[in-house]
Amino acid sequence: MAHGAMRWRIGNFYYSFLREQYVHAVFRECGVHLRQHPLADALF
């Protein structure tokens, strides 16, 4: 049960990270300059 919960959390984190990368890429294509820091993102 704990193993499944850990897999779920890691999967959710990875999916969230990919969505964020996609949104940043779309904004950059539109000319909006964004900065991102992975550690700050993970902490907040």
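Phe13, Tyr14, Phe17 and Leu18 together make a nonpolar surface patch with about 420 Å² of accessible area, where such a patch joins nonpolar side chains (Val, Leu, Ile, Met, Phe, Trp, Tyr) within 5 Å, like charges being joined within 9 Å, and takes residues with over 30% relative accessible area and no salt bridge, that is, no side-chain nitrogen of Lys or Arg within 4 Å of a carboxyl oxygen of Asp or Glu. Accessible areas follow the Shrake-Rupley method with a 1.4 Å probe, and for residues only the protein chains shown count as cover. The model is predicted, with local features needing pLDDT of at least 70 and side-chain atom pairs pLDDT 80 or more, while totals for chains, interfaces and linings use all residues. Residues are numbered from 1 along each chain as its sequence is written, and side-chain values use heavy atoms, leaving out hydrogens and water.

**Overall form**
- The protein has two helices and zero strands, assigned as DSSP runs (helices H or I, at least four residues; strands E, at least two) and numbered from the N terminus.
- Along the principal axes, its C-alpha atoms fill a box of roughly 45 × 20 × 10 Å.

**Exposure**
- Of the 44 residues in the protein, 5% are buried, a class defined by under 20% relative accessible area, with exposed meaning over 50% and partly exposed in between (1.4 Å probe, protein chains only).
- The protein exposes about 4,400 Å², of which carbon and sulfur atoms supply 66%.

**Residues of helix α1**
- Tyr14, a member of the patch, lies in helix α1 (residues 2–29) and counts as exposed because its relative accessibility is 51%.
- Glu29, also in helix α1, is exposed, with a relative accessible area of 73%.
- Glu29 and Ala40 stand 11 residues apart in sequence and 24 Å apart in space, C-alpha to C-alpha.
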